[in-house]
Amino acid sequence: MPHITIQMVPGHSYDEKEEMAYGVQQFLSRTYQIDEQMISVSIEEVPKEEWAHMMSDVPDETLFVRPGY
């Protein structure tokens, strides 16, 4: 039963965030045959000016995909 936390800069509407969360839930359910009811998704907004600092606190062993810039 995974819980996924998405951290992103502000600027997306509630509906866009809800669509993203359900999309992630559905992807995990289809790809890994997990019941959707077992998957939760939260979205945390991080102010743009705090983004670099927040990313520097993410442990290397938990960051599986790095930004490509």
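Leaving aside neighbours within four places in sequence, which residues is I4 in contact with? They are V24, L28, S40, V41 and S42, where contact means heavy atoms within 4.5 Å. The structure shown here is a predicted model, in which local features need pLDDT of at least 70 and side-chain atom pairs count only at pLDDT 80 or more, while totals for chains, interfaces and linings use all residues. Residues are numbered from 1 along each chain as its sequence is written, and side-chain values use heavy atoms, with hydrogens and water left out.

The overall layout comes next. The protein chain contains 2 helices and 2 strands, and from the N terminus on these elements follow the order β-α-β-α. Helices (H or I, at least four residues) and strands (E, at least two) are DSSP runs, numbered from the N terminus. The C-alpha trace spans about 35 × 30 × 20 Å along its principal axes. Of the contacts between residues at least 6 apart in sequence, 64% join residues at least 24 apart.

The surface can be described in numbers too. The protein chain exposes about 5600 Å², and carbon and sulfur atoms supply 55% of that area. Accessible areas come from the Shrake-Rupley method with a 1.4 Å probe, and for residues only the protein chains shown count as cover. A residue is buried when its relative accessible area is under 20%, exposed when it is over 50%, and partly exposed in between (1.4 Å probe, protein chains only). Buried residues make up 14% of the 69 residues in the protein chain.

I4, the residue in the opening question, is found in strand 1, which covers residues 3-8. I4 has a relative accessible area of 26%, so it is partly exposed. I4 and A21 are 17 residues apart in sequence, and their C-alpha atoms are 8.8 Å apart in space.

Helix 1 covers residues 14-32 and includes E19. Two other residues to look at in helix 1 are Q25 and S29. Q25 counts as buried because its relative accessibility is 12%. Apart from neighbours within four places in sequence, Q25 is in contact with E36, I39 and V41. S29 counts as buried because its relative accessibility is 15%. Not counting residues up to four places away in sequence, S29 touches I34, D35, E36 and I39.

E19 gives a contrasting case in helix 1: its relative accessible area is 61%, so E19 is exposed. E19 also belongs to a negative surface patch, together with D15, E16 and E18. Patches are made of residues with over 30% relative accessible area and no salt bridge; like charges are joined within 9 Å, and nonpolar side chains (Val, Leu, Ile, Met, Phe, Trp, Tyr) within 5 Å. Lys and Arg count as positive and Asp and Glu as negative, while His and the chain ends are not counted. The place of a charge is taken as NZ of Lys, CZ of Arg, CG of Asp or CD of Glu. The protein chain has 4 positive and 13 negative charges, and the mean positions of the two sets are 6 Å apart.

How many salt bridges does the structure hold? There are 2, a salt bridge being a side-chain nitrogen of Lys or Arg within 4 Å of a carboxyl oxygen of Asp or Glu. Side chains of opposite charge can pair when their charged atoms come close. One salt bridge joins the side chains of K17 and E45, at 2.8 Å from N to O. This pair links distant parts of the chain, with K17 in helix 1 and E45 in strand 2 (residues 40-45), 28 residues apart. E45 is partly exposed, its relative accessible area being 39%. Another salt bridge joins the side chains of D60 and R66, at 3.3 Å from N to O. D60 is exposed at 53% relative accessible area, whereas R66 is partly exposed at 49%.

Two residues further along the chain show separation in space. E50 lies in the loop between strand 2 and helix 2, the latter being residues 51-56. E50 counts as partly exposed because its relative accessibility is 44%. The C-alpha atoms of E50 and F27 are separated by 29 Å, with the residues 23 apart along the chain. D57 is found in the segment after helix 2, and D57 is exposed, with a relative accessible area of 52%. D57 and Y32 are 25 residues apart in sequence and 29 Å apart from C-alpha to C-alpha.
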